[in-house]
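Me: I would be grateful for a close look at a single part of this structure, with an account of how that part relates to the rest of the chain.

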Amino acid sequence: MINYIILYKIRKRVKKILKDKIADGELATTETSCLGCVADEISWELYYLLKENKEGHK
C-alpha cells in the first residue's frame with residue numbers, strides 16, 4: 001500500500017532541493033522544464049527505494 005503522506009513529504013523536500021540548486025546555478029533549466037514532474041519522478045523512485053529497504057530489514 002502506498003503511503004501518500006510520506007510520498008508528499010519526499011516530493012516537497014525534493015522540490016525544495018531542486019529549486020535551491022536552480023537558484024544557485026547548479027542545475028540548468030529550459031522554458032519547457034517541469035520542476036514538479038522531475039520532483040514527482042525522483043520522489044517515486046526514493047519512495048520505492050525506502051520501501052524496499054524497509055521490507056528487506058523485516
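The reply below concerns one helix and its surroundings.

Me: Which residues of helix α2 touch or bridge to other residues, and which of them make a nonpolar surface patch?

Reply: The model is a predicted one, and the part in question is best placed within the whole chain before its residues are taken in turn. The chain holds two helices and zero strands. Helix α1 covers residues 4-23, and helix α2 covers residues 35-56. The C-alpha trace spans about 45 × 20 × 15 Å along its principal axes. The radius of gyration of the chain is 13 Å, whereas a compact globule of 58 residues would have a value near 10 Å. Of the contacts with a separation of 6 or more, 71% are between residues 24 or more positions apart. Buried residues account for 14% of the 58 residues.

Serine 43 is a suitable starting point within helix α2. Its relative accessibility is 1%, and because buried means under 20%, serine 43 counts as buried. When residues up to four places away in sequence are left aside, serine 43 touches Leu7, Ile10, Arg11 and Val14. For one of these, arginine 11, there is also a polar approach: a polar atom of the serine 43 side chain lies 3.3 Å from the backbone nitrogen of arginine 11.

Arginine 11 takes part in a second link to helix α2, this time through a salt bridge with aspartate 40, in which the closest N and O atoms are 2.3 Å apart. Aspartate 40 belongs to helix α2 and arginine 11 to helix α1, so the pair ties together parts that are 29 residues apart in sequence. In contrast to the buried serine 43, both partners of this salt bridge are partly exposed: aspartate 40 has a relative accessible area of 28%, and arginine 11 has a relative accessibility of 26%.

Isoleucine 42 is also placed in helix α2. With a relative accessibility of 34%, isoleucine 42 counts as partly exposed. Because patches are made of residues with over 30% relative accessible area, this value of 34% lets isoleucine 42 qualify on that criterion. Together with Val38, Leu46 and Leu49, Ile42 makes a nonpolar surface patch of about 310 Å². For the chain as a whole, the accessible surface comes to about 5,000 Å², and carbon and sulfur atoms contribute 58% of that surface.

The salt bridge of aspartate 40 may be set beside the others, since the chain has three by the rule applied. Another joins lysine 16 to aspartate 20, with the closest N and O atoms 2.9 Å apart. Here both residues lie in helix α1, four residues apart, which is about one turn of the helix. Lysine 16 is exposed at 52% relative accessibility, while aspartate 20 is partly exposed at 37%. A further salt bridge connects glutamate 26 with lysine 21, the closest N and O atoms being 3.1 Å apart. Glutamate 26 is exposed, with a relative accessible area of 51%, and lysine 21 is partly exposed, with 34%.

To return to helix α2, its residues include the buried serine 43, the partly exposed aspartate 40 with its salt bridge to arginine 11, and isoleucine 42, one of the residues of the nonpolar patch.

Notes. Residues numbered from 1 in each chain as written. Predicted model: local features only at pLDDT ≥ 70, side-chain atom pairs only at ≥ 80, totals over all residues. Heavy atoms only, no water. Patch = residues over 30% accessible without salt bridge, like charges linked within 9 Å, V, L, I, M, F, W, Y side chains within 5 Å. Areas by Shrake-Rupley, 256 points an atom, 1.4 Å probe, with all protein chains shown as cover. Salt bridge = Lys/Arg side-chain N within 4 Å of Asp/Glu carboxyl O. Buried < 20%, exposed > 50% of the residue type's maximum accessible area, 1.4 Å probe, protein only. Rg over C-alpha atoms; globule rule 2.2 N^0.38 Å. Contact = heavy atoms within 4.5 Å. Polar contact = N/O pair within 3.5 Å; in protein donor to acceptor, adjacent residues only side chain to side chain.
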